[in-house]
Amino acid sequence: MTSSTNNTLSRWPTDRLLLWLLRGAAAIAGAIVLLIVAFLVMEALPVLRHVGVARFFTDPSWHPAEGFYNLTPMLWGTMFAMVGSVLIATPLGILSAVFCHYYAPPAIARPYRRLIELLAGIPSVVYGFWGLVVLVPLIGAIHPPGPSLLAGIVILSIMILPTIALMADASLANVPPQYLRGAAALGLPRWATLRGIVFPAAKSGLFTGVILETGRAVGETMAILMVCGNVVQTPHSLFDPMRTLTANIALEMAYALGDHRAALFVSGLVLVGMIAALVAAADWISHGRIYG
Amino acid sequence: MGKARGRHRGGREGLATTFVWSAAVLVTATFCWLLGDILWHGLSHLSWTFLTAPPRNAGREGGIGPILVSTALILGVCLGVAVPLGVGTAVLLAEFTTDASLFGRLTRRSLDVLSGVPSIVFGLFGNVFFCKTLGLGFSILSGGLTLACMVLPILIRSTEEGFRAVPAGYRLSAAALGLSRTTTLFHLLLPAAVPGLLVGLVLGVGRAIAETAALIFTSGYVDRMPESLLDSGRSLSIHIFDLSMNVSGGDTNAYASALVLVVVLLAINRTASWLAEHWLHRRIVTV
């Protein structure tokens, strides 16, 4: 704000001390990411060195005790769960925001928005628990065994829906009102206004929301661990049990030793890599480059 | 032609309206189902004894007394570390760096990435760094420190917003009076930025209480009453996870614990939005 320079031009020695203290705090806060990556790499290095990167994709199976480290079933598990839940949550979340802004009477819009906020505050272990005791038996009744990719997709969709709904809500609120007045003056009906004017104007906010929810879907651990059955296999149908990268870490970290433990850190690195790519994409979009 | 198009468009409008309303109804129904289920099964089991008694028989019977204590201790450690660090960083970013400065940009970017890091990765990191490298073992201290890393980005972001919401006139007048920037900070800016700090604090507490994955390998599973910060302690969320996954017949107590967790979190969430809406607004307008 008014701090136009980095150096306080102040003659007070306390100011210089304060500045150094604050710089120290910021340096620690900023260094945590580096520390995390450094420790992940350090722990993963032994297995990367004498097993190599390729074998994480070409080994016959994931049997760390016998020295087989194929991560692809878990990668597919993470991918399927992510794509499925994003496909469900995105339209529902955007329609929710549209509902709040353009369809609901004010008496409904306010409580509905509050409800989405509450949904965002419910912890993942509670979602997982509910999925385990309600959803899984329900799916099991339709098509055994019950713990499945489908259960994971449904739970993840509910969990990430508030993220996209709140982001979409914020970006719809930012659409300049003169656009809407223009549309009203042209006599455009509601959906035509939305499709032709509001969505294009809010595009970058909506895309950022999608990226944020994708990040949540990739990183979610507990809920998906509780409802997916955790069998290491590439799921071939929605009703197959499967395991994600995150669940794999949570399940095996307790007893993993040596190369096995290192292999879990490799999957941690893969997760951080995915998130870093998503953050970079969000950054790119928020600078408006999606239009060009 | 015009008529046909009009009818076509009317159909599309009707369809869109149907879709929008059904999406809203679907979301509301799911929410009510989830909350109703937990209320229905949890409420019958909730009592004062449940909140204070120690768990017995692997948690199937008894209460959650020691678990609440562990949760509070983990939270205390987390905030004790995260608040000074977070406020310091926020002050630096909001008051002492410009948007163009390299240090500020790097710090902000690194915090952006940090806020996206999956919680299980924090668990891995906490396990290696706090439990192994620093030798803290599976303990409340390790768990709290791991959570502190996790809530820092949220805390910093809203505290920074709190500082940015303070009118520039404050700083200019203080500078005109020849006050040192330290005095300005502690006597003018910090009090005025308290609402933003509180919002961040409440959001951070919410995130920390809800966390499970980062705690399994840092604070551990032990459900006894902790005697020191170096003891392992089980948080409420881990208790729910353990009861539902590893203990058969633990569902009743898991429901009651889930209800406690949800009620606490909803209370925290309401406080955060109330603070953000009322206090933050009023404070900045009237002061």
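Helices are DSSP runs of H or I with at least four residues, numbered from the N terminus. In this predicted model, A:Asn230 lies in a loop of chain A, between helix 10 (222–227) and helix 11 (245–252). The phi angle of A:Asn230 is near 60 degrees. That value is positive, and the residue is not a glycine.

A second loop of chain A joins helix 5 (124–142) to helix 6, and A:Pro145 lies in it. The peptide bond from A:Pro144 to A:Pro145 is cis. Its omega is near 10 degrees.

Chain A as a whole contains 12 helices and two strands. Along the sequence, the order of elements is α-α-β-β-α-α-α-α-α-α-α-α-α-α. The C-alpha trace of chain A spans about 70 × 70 × 35 Å along its principal axes.

Helix 3 of chain A covers residues 72–103, 32 residues in total. From its first C-alpha to its last, helix 3 of chain A reaches 44 Å. The span expected at 1.5 Å a residue is 46 Å, and the value found is close to it. Helix 3 of chain A nevertheless carries a kink of about 25 degrees at A:Ala89. The proline A:Pro91 follows shortly after the kink.

Helix 3 of chain A also packs against helix 6 (residues 149–173) of chain A, with the two axes coming within 6 Å. The axes cross at roughly 40 degrees. Helix 3 of chain A and helix 6 of chain A are therefore oblique to each other. Their crossing is right-handed. By class, the residues of this contact comprise 18 nonpolar, eight polar and one charged.

In chain B, helix 3 (residues 65–96) meets helix 8 (residues 181–210). Their axes come within 10 Å and cross at roughly 135 degrees. Helix 3 of chain B is therefore oblique to helix 8 of chain B. The crossing of these two helices of chain B is right-handed. On the side of helix 3 of chain B, the contact is made by B:Thr71, B:Leu75, B:Cys78, B:Ala82, B:Val83, B:Val87, B:Val91 and B:Glu95. Helix 8 of chain B contributes B:Leu185, B:Leu189, B:Leu197, B:Leu201, B:Gly204, B:Val205, B:Ala208 and B:Ile209. An α-helix has 3.6 residues a turn, so residues three or four places apart point the same way. The contact between helix 3 and helix 8 of chain B has 13 nonpolar residues, two polar residues and one charged residue.

The two chains also touch each other. Their contact takes 73 residues from chain A and 76 residues from chain B. On the side of chain A that touches chain B, helix 1 (residues 13–51) of chain A gives the most, with 19 residues. By class, this side of chain A has 52 nonpolar, 16 polar and five charged residues.

Methods: Residues are numbered from 1 along each chain as its sequence is written. Chains are lettered from A and ligands numbered from 1 in the order in which they are written. This is a predicted model: local features need pLDDT of at least 70, side-chain atom pairs count only at pLDDT 80 or more; totals for chains, interfaces and linings use all residues. Axes are lines fitted to C-alpha atoms, for helices over the stretch in contact, and angles run from 0 to 180 degrees between N-to-C directions. Angles under 35 degrees count as roughly parallel, over 145 as roughly antiparallel, 65 to 115 as roughly perpendicular and the rest as oblique. A crossing is left-handed if the near helix is turned anticlockwise from the far one by less than a right angle, and right-handed if clockwise. Two residues are in contact if their C-beta atoms, placed from the backbone, lie within 7 Å. Ala, Val, Leu, Ile, Met, Phe, Trp, Tyr, Cys and Pro count as nonpolar, Asp, Glu, Lys and Arg as charged, and the others, Gly among them, as polar. The expected span of a helix is 1.5 Å times one less than its number of residues. The bend at a residue is the angle between axes fitted to the seven residues ending there and the seven starting there.
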